[in-house]
Amino acid sequence: MAGECVPEGPDLKEMGEEEIWELINDNRHRLSLGVRPCVLIPYLRQARVLNEMDEDEILSCHNLTNRSMRTSYMLDLLRTQGRNGAMALLESLMIHYPSLYTHVTGRKPSTEPSRFSGLIKYSELTEYLVRAVTGMQKELQEARCEAERMRVRCASLETEIQQMIEQEQKCRCLQSECERMKRHLAALQRDITKLKDEKCDLYARYTSAIEEKSAVSTSCHDLNLQVYQLETELQKAQTENDFQKRRSLRATSPAETQQLHEEIRSLRCKLMKVEQLAPAREDILAQDLAEAMDGRTELAEQLRCNREENERLIREKEELLDQKENLSLQVQQLTLDCDMYKQKSNLIQGQIRELQSERDQAYLSRDEAQALIARSLAEKDTLRSQMVELEERVFAQQSKQCRVSSEERNLSWKSQRSSSAESTHPCRPRLRRMAACNPSSITSCSSECEDATQSSIRSRNAEPPSPESFRRRQEALLEADSSYETAETDSFSDDFVFLSTESEDKQPASPSCSNGTTTERLSRTSAPPFLVRSRPKAIRVNGRVLSISFHGEALLSQLTVVGGNRTGVFVHQVTEGSAAHTVGISPGAQIVEVKYEQNMEALRMMLEDSTLEEAVWALGQVKGLCHLSLRPRQDDYEALVQQLQSTNTSSGDSFYVRVNMSLPGGSCGALTVSCNDILHVTNTRPSGSQGSWLAGHVHSNELLDLQSGTVPNYYRAQRLQIRAIEDLSYQTTKQKKGERFASREKLKKQKAVRIVSTGRQGRNPLWLSVEQEKSKSAETTDPCTLRSCVTLMPYTLVTPRYPPVCRPVLLLPTVLGRILDKKLVDWKGFEMCEPEVLNSSEHAVRLQRSEVLEEFEQRPNCCYTLQSVERVIKKGLHCVLPLGLDCVRRLHRAEIFPIIIFIAQSARSARKLRSKLQRHGRTEEKLLACSQSEEPLLDKLPCLYRSVAPDSWCDSGSLLSSLRTIIWEEQKKIVWVEPDLW
């Protein structure tokens, strides 16, 4: 409508460059105030009058603080483009700001192609116009939706306002009513006060009236007494008067008569006075009587009130008595229960004392038995040494006799030399230690030695114990009391016995065998160096551990095992007739340790907390003499077998690993795994999957197993990781699409492999066998037996940790982290870690205790410490760490696990932060260099970290919002920590 009111202006195509710019400059102020550069820049970029750098300068330059300055700067840039810049500006105004276009040019806006200058091709222009119209329609639709929402919101607000007004009116009414009630209450309180005052006055008057009544009663009583006295005196006077009259009648004189008349007059006067006072006294007494009646009425009313109060108190007393009876019953019941519990406690204490006495007696019996065993063994050693001496003497005498007889026979019968040699007595070998030679291979020249009975291990005979005695000994140990202490049996920790099942040496040796062959045979069948002892003891007992030595050729064919690192490795089945069955190994015994000899080297492997795969491999390496340490745990074994049969668990393995490479899924239940995933391995030897593990993904917030499947075992995964690293090292790029594309592809491939190695030669349940075995078995086809001595780790053992409510926050790269830390602290729930000023001695002590995280460069003798971080955590706040990656391991040693967030950088994302970097004296090149140097160090951290993609945020505000969301998500997750491999 505004365009229809103005006349049609000159054609822009016929105007010169200066004329067009004069039109624009005349309306520059209006354009600066009414135009948004972000709306016009897409069209100007399409017309190629502005480039990407110009767009970044216009939108993100920190010198342009408001929209008017950015619009003016955009006009200056378009002025450098001459006529094309002006035409492009006017065309963009015609599309997006038609009113301004009409005001500037004096022409009506139109979208006909003839009205455009031709800077943009017709197809591109049509496409842009379509996009612009679509965008405007979307904006219009959004504006309408927003208007509708605002209308609904306004209606709801109006309703709420109306409700609030009604509530306010109600509140006012209630307030007025409350004020009225307060005033009425105050008036009533005043009336009550007045009534109380009047009552007090009445009480005072009543008290005074009672006192007056008492005084009047007293005075009345006195007057009554006086009246009585007067009446008595009057009677006496009358009596005397009568007497005097009678006397006077008899003899009266005028003087006496006159005196009597005077007395009579005086008495009459007194009588008249008394009669005048009687009515007044009666009125007083009547008034006193009325008052007394009123007081009596009041007293009767008070008595009635007191009776009612007394009745109420009696009822309350009865209720209290009922409660008392109930409580007394409860007390009696509790007393009985207490007495019963005391009796039970006394019985239990008595049983405990009896058990203690039995335990002490058992200890004494055990000590006596051990002393007896030691004495018997010492006697056996003495007898054996005597037997050895006697045998040597016998052998020496026999050799001399053989030589003498042979010489005589050679001189006398030369033709029968060979037959005489056959008829000579065979040379008996020397008595050997039972740990170095098979006792059954020793032949005896006498029938007494050949027919010697098998004796027990506790016997005092010189013969070594038989296998049956050892079987009985093992059964006795399995049934023994479990209270045997480990410390009390340390003296038996180095004793063992070697039991051989070979029967080849039972035949008598030929007379042609020499001492050299005997020595060679002994050295070949002797035990490994770690099994040789000074004297052969019957058996080794370490706590509840039983140690047995036997010939373990093809040990896995003699017995099978079940279990794992969670439950322990148990003997499951034993082949009848094998060496293991002969020495008495039975199902239910836990294999704690195995010792064997390989390539003239003694090897020892602890299987107490090893996986099933490692235990099977270790037992498969045994060839020849071996030494097994067994612990009887029949209950645990039966529980494990019951779990395996009920399909609740597939094995006794259970541990968590961090995957250091990406593994694609496939058929047969293969699990798809990404780098840095956490897996819960539940079976290292699943049935039907050779060279694989059964594992499952773990929930990020709880210890719950999610999708499960098979993954390559440690050694297969190690070869796959080496192959992936070789592919990354020797790859050839066929299509060159520029440096940026190549760097992006390289980054994607680097994320597929995490190179982790270790320099510590120690025990790890994942790669213990790699360090102890030679590489000569690499030609075998079994993937479980392929081993190498490399330290590259495809899986890393991790343990779950549950940190407190608020974990510290570490932002990387450090150049950007220093800038974002200050913004992050402004939010609620975050606080900056402040440095502490320490003196030289205190700094040295803190540094020795590894409590100094990092030095503060801006001030001397100032550093960040663990105590400052702990103080912030105790407040329930996130401690923002302005530190580097070196502080992570120090924090882990103190059981503090920070949230590590790495903000990946690119050239485009660095340009978004140009203004903030310049404000803090940093450059984009320094930020990119810091990001490239710190990103490889993240893979060496013993914990997981969170990475933010460079294209996931558009400005610093959205970046901070995403960081807050990430911190909230990471706070709820379980922290998985690797052991320090270095």
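In this predicted model, helix H21 (residues 814-825) packs against helix H28 (residues 956-972) at an angle of about 75°, their axes lying 11 Å apart. H21 is therefore roughly perpendicular to H28. A second helix pair, H1 with H5, packs at about 175°, and three strands, E16, E18 and E17, form an open antiparallel sheet.

**H21 and H28**
- From H21, Leu820, Lys823 and Leu824 make the contact, meeting Leu959, Leu960, Leu963 and Ile967 of H28.
- Six residues of this contact of H21 with H28 are nonpolar and one is charged, with no polar residue.

**H1 and H5**
- Helix H1 spans residues 17-26 and helix H5 residues 67-79, and their axes are 12 Å apart.
- The angle of about 175° makes H1 roughly antiparallel to H5, because angles over 145 degrees count as such.
- On the H1 side the contact involves Glu17, Glu18, Trp21 and Ile24, and on the H5 side Leu75, Leu78 and Arg79.
- The contact of H1 with H5 has four nonpolar and three charged residues, and no polar ones.

**The sheet and helix H23**
- The strand order is E16-E18-E17, with antiparallel pairing.
- Strands E16 (836-837) and E17 (852-855) are at the edges and have a single partner strand each, so one side of each lacks a neighbour in the sheet.
- Two bridges join E16 to strand E18 (residues 862-865) in the antiparallel sense.
- Glu836 lies opposite Cys863 in E18.
- Helix H23 (residues 866-874) packs on the sheet and touches E16, E17 and E18, its direction making about 50° with that of E18.

Notes: Residues are numbered from 1 along each chain as its sequence is written. This is a predicted model: local features need pLDDT of at least 70, side-chain atom pairs count only at pLDDT 80 or more; totals for chains, interfaces and linings use all residues. Side-chain values use heavy atoms; hydrogens and water are left out. Two strands pair if DSSP finds at least two bridges between them. Helices (H or I, at least four residues) and strands (E, at least two) are DSSP runs, numbered from the N terminus. Contact means heavy atoms within 4.5 Å. Axes are lines fitted to C-alpha atoms, for helices over the stretch in contact, and angles run from 0 to 180 degrees between N-to-C directions. Ala, Val, Leu, Ile, Met, Phe, Trp, Tyr, Cys and Pro count as nonpolar, Asp, Glu, Lys and Arg as charged, and the others, Gly among them, as polar. Angles under 35 degrees count as roughly parallel, over 145 as roughly antiparallel, 65 to 115 as roughly perpendicular and the rest as oblique.
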